[in-house]
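Thanks for making the time, everyone. I would like to walk you through one model this morning, starting on the inside and finishing at the surface.

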Amino acid sequence: MTIPEDMMAFIEETARKAAREGAKEVVAEQARKAAGRCDRRLRNTKLLLKNYRMFKKHCTGAVYTDEAGEHDGQEEETALELLDMMLQRNNAITVESIRNSCRRTKIMIRHIDAMLGLYETYCAQSNNEALKRGLRIIKAMYIDETAKPVEQIAMQENVSARQVYRDHDAAVDKISMLMFGIDALEMS
């Protein structure tokens with residue numbers, strides 16, 4: 001059975017159009033996924049900064065404080081009794097989960113501290129006052145012992161609350177670059 005030429009041309013043209021449309025859809029889907037990853041990284045940076053104080057408290061108050069899984073000495077007997085009680089109930093998985101959570105949190109805190117240190121050096125070497133103000137805003141909102149409200153920061157910096165948010169967002173973008181390295185370039 002032979003297919004007439006005009007029918008074959010129609011089939012080929014339809015196949016080309018379908019292939020082009022399919023390829024466009026695949027490219028669009030990849031772009032949506034990449035944008036989602038970028039949004040998650042930026043959101044993750046904000047979440048890490050927002051929860052920084054709690055992470056620090058978690059690390060200092062955790063039962064396991066080093067890679068060997070040893071307690072830091074504070075209330076050691078109570079902690080050991082608690083762990084023994086948990087193990088007697090066959091909850092070794094829970095204990096391991098606590099230990100792993102503490103380790104991951106410590107690693108992340110060390111990474112955040114290191115990247116904030118790099119960002120601080122970057123700002124100190126810059127003549128850009130907005131960068132330096134952004135660092136002060138990040139510290140006031142997330143790092144200092146007590147968080148300051150935006151209105152108070154705006155008064156201290158002698159700028160509007162909106163400018164505080166703009167400087168904050170610019171600083172978070174830069175910190176994201178430091179925290180996620182080359183992968184953060186997609187966010188720019």
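Leaving aside its neighbours within four places in sequence, which residues is Ile-138 in contact with? Please keep in mind as we look that this is a predicted model. Once those sequence neighbours are set aside, Ile-138 makes contact with Leu-49, Leu-116, Ile-143, His-168, Ala-171, Val-172 and Ile-175.

That list leads us into the largest nonpolar core, which has 25 residues, and in which Leu-49, Tyr-119, Ile-138 and Ile-175 are the ones that touch the most other members. The elements that each contribute two or more residues to this core are helix 1, helix 2 (52-61), helix 4, helix 5 (129-143), helix 6 (150-157) and helix 7 (161-180). Of these, helix 5 gives the most, with 7 residues.

Let me turn next to Ile-112, which lies in helix 4, residues 92-124. Is Ile-112 buried or exposed? Its relative accessible area is 0%, and therefore Ile-112 counts as buried. Apart from neighbours within four places in sequence, Ile-112 is in contact with Leu-48, Tyr-52 and Met-179. The C-alpha atoms of Ile-112 and Ile-175 are separated by 9.0 Å, although the two residues are 63 apart along the chain.

Now for the charged side chains, where the count comes to 9 salt bridges. Three residues, Glu-13, Arg-16 and Arg-20, are linked in a network. Within it, Glu-13 pairs with Arg-16, with the closest N and O atoms 3.1 Å apart, and Glu-13 also meets Arg-20 at 3.9 Å, N to O. Why are Glu-13 and Arg-16 separated by about one helical turn? Because they are 3 residues apart in helix 1. Glu-13 is partly exposed at 29% relative accessible area, as is Arg-16 at 41%, and Arg-20 is likewise partly exposed at 43%.

A further salt bridge joins Glu-129 to Arg-136, with 2.8 Å between the closest N and O atoms. Here too the partners are partly exposed, Glu-129 with a relative accessibility of 40% and Arg-136 with 36%.

Finally, which residues form a nonpolar patch on the surface with about 470 Å² of accessible area together? They are Ile-3, Met-7, Met-8, Phe-10 and Ile-11. Ile-3 lies in the segment before helix 1, which covers 5-50, and at 43% relative accessibility Ile-3 counts as partly exposed, whereas Ile-112, where we were a moment ago, is buried.

Definitions and conventions: Residues are numbered from 1 along each chain as its sequence is written. This is a predicted model: local features need pLDDT of at least 70, side-chain atom pairs count only at pLDDT 80 or more; totals for chains, interfaces and linings use all residues. Side-chain values use heavy atoms; hydrogens and water are left out. Patches are made of residues with over 30% relative accessible area and no salt bridge: like charges are joined within 9 Å, nonpolar side chains (Val, Leu, Ile, Met, Phe, Trp, Tyr) within 5 Å. Accessible areas come from the Shrake-Rupley method with a 1.4 Å probe; for residues, only the protein chains shown count as cover. A salt bridge is a side-chain nitrogen of Lys or Arg within 4 Å of a carboxyl oxygen of Asp or Glu. Helices (H or I, at least four residues) and strands (E, at least two) are DSSP runs, numbered from the N terminus. Buried means under 20% relative accessible area, exposed over 50%, partly exposed in between (1.4 Å probe, protein chains only). Contact means heavy atoms within 4.5 Å. A nonpolar core is a set of buried Ala, Val, Leu, Ile, Met, Phe, Trp, Tyr and Cys residues joined through side-chain atoms within 4.5 Å.
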